[in-house]
Amino acid sequence: MNQSREFDIIIWGASGFTGRLVAEYLFKQYGTSRNLKWAMAGRNQEKLETVRAAIADSSVPIVVADSSDEASIKQMVLRTKVICTTVGPYAIYGSKLVAACVEHKAHYCDLAGEVQWMRQMVDKHQEAAQANGVKIVHSCGFDSIPSDMGVYFIQREAKAQKGQRAKKISMRVVAMRGGLSGGTYASLSKVMEQAQQDKSIYKVLTNPYGLNPADQQEGEDRPDLMSVVFDKTSQSYVGPFIMAGINTKVVRRSNALSNYSYGKDFRYDEATLSGKGFKGKMKGVLAAIPLMFMTAKPKSVLKSIANKLLPKPGEGPDREQRENGFYNLRFYVTLEDGSSAMGKVTGDKDPGYGSTSKMLGETAVCLAVDELPKINGVLTPSVAMGDALLQRLEQSSGLAFSFK
Ligand SMILES: NC(=O)c1ccc[n+]([C@@H]2O[C@H](COP(=O)([O-])OP(=O)(O)OC[C@H]3O[C@@H](n4cnc5c(N)ncnc54)[C@H](OP(=O)(O)O)[C@@H]3O)[C@@H](O)[C@H]2O)c1
């Protein structure tokens, strides 16, 4: 990595809903006078200046780059060690930036949950990123850090405390409170639209191993839960978890990239706990209704209603909603000898924005300044950063990890 660059980190998309929160977090946590050199970037100088005045001060440099202007992207990348981007939908705005980071040797992190696009980035850039010593790390927000780092942590602790690995982990969302932004909804819509137009994309989305290396997509895991069922593991009704389609694939990619350190027979799944008895079952059914709106078929009546009701790009949960948000994830663990254990990951603030902005901010700092595993390519958070990221998440991002 080029140590002589002007900046450690550039946050591209800093005028958007989530990028602004990341910039605000970095300013509060690191300021501009300490050892971290960072800048806010976007396509509109005036808008960036307005946001900067609201969240920081004029000591934060501004960089202008537009996804439609390749030269501006190259210039931006050449100025920094790490690009941290919240310019989404990534399938529309993100591809040239990833290519520029690989070519011009800057590490990269984002909030992509667009599996079809991440698959393209793996296929296009894995070899060149390895050859150039670059880490491209997708999904560094609520999807998929709590799942990916949660499993990484549990496997590490199982080995340390019990001398064996976990052969099966079922993550259950116990509780969470938060909202949705227009950018996230736009990204979800883009996934649905592309999947409807192109059957090969649909196949990637429904393949449990859709992000694994092309020749390693076999295993025992099944597609993610799509209905409300009774779950023996938790002795409760469970329903779909909207982020499972991303998280489970990221966890499986981590296993593959780490030479199957969780085992070739490792199994992983995610669902939302809804409770016991008839009440639990009904709660699960009701919880699935907002999901139906968010993932409605393009051009359907449901979709046009969702477009009216759900937030527009630039909008999202207000400060009070973010501050009052939280999440609690439980990991039911089966060890190699058949015994059971329990892991837990909790986060303060709402998952999608308050917590996500701290996770992404710390990911960018970790890529810029920490001693990291000697692996490059299109990676997952746990494989790219391992213990260094875990420590930052616990110390600064409001996440807590436990294993019993
Ligand atoms: N994984 C997670 O947990 C998670 C959580 C939150 C968000 N996300 C993802 O993060 C992304 C951003 O979400 P958001 O709600 O922050 O969206 P947003 O408010 O719409 O922000 C998008 C940003 O992209 C910028 N942009 C748009 N077109 C551009 C172009 N041609 N060149 C350069 N910049 C351009 C916008 O600039 P202007 O300000 O100039 O319009 C804005 O700064 C989405 O893909 C969302 O799915 C993921």
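This report describes a parallel sheet, the helices packed on it and an enclosed cavity in a predicted model.

## The sheet

Seven strands make up an open sheet with parallel pairing, and their order across it is 3-2-1-4-5-6-13. Strand 3 (62–64) and strand 13 occupy the edges with a single partner strand each, so one side of each has no neighbour in the sheet. From one strand to the next, the twist averages 20°.

Strand 5 (residues 107–110) and strand 6 (residues 135–137) run parallel and are joined by 2 bridges; Cys-109 has Val-137, in strand 6, as its bridge partner.

## Helices on the sheet

Helix 1 (residues 17–30) packs on the sheet, where it touches strand 1 (7–12), strand 2 (38–42) and strand 4 (80–85), and its direction makes about 150° with that of strand 1. Helix 15 (residues 381–396) also packs on the sheet, touching strand 6 and strand 13, with its direction at about 100° to that of strand 6.

## The cavity

The count of cavities of 30 Å³ or more comes to 1, and the largest cavity has a volume of about 70 Å³. Its lining consists of Met-118, Val-122, His-138, Ser-139, Leu-211, Val-250, Arg-253, Val-378, Leu-379, Thr-380 and Pro-381. Helix 6 (115–132), helix 10 (244–257) and strand 13 (377–379) are the elements that give two or more residues to this lining.

By residue class, the lining of the largest cavity divides into 7 nonpolar, 3 polar and 1 charged. Domain 1 (7–142 + 355–398) and domain 2 (145–350) each supply at least three residues to the lining of the largest cavity.

Notes: Residues numbered from 1 in each chain as written. Predicted model: local features only at pLDDT ≥ 70, side-chain atom pairs only at ≥ 80, totals over all residues. Heavy atoms only, no water. 1 Å grid on protein atoms, 1.4 Å probe; cavity = no way out; pocket = protein on both sides within 12 Å on 5 of 7 lines; lining within 4 Å. Points joined across faces, edges and corners; volume = space filled by probe spheres on them. Helix = DSSP H or I, 4+ residues; strand = E, 2+ residues; numbered from the N terminus. Nonpolar A, V, L, I, M, F, W, Y, C, P; charged D, E, K, R; others polar. Domains from an automatic or database assignment. Pairing = 2+ DSSP bridges. Axes fitted to C-alpha atoms, helices over the stretch in contact; angles between N-to-C directions. Contact = heavy atoms within 4.5 Å.
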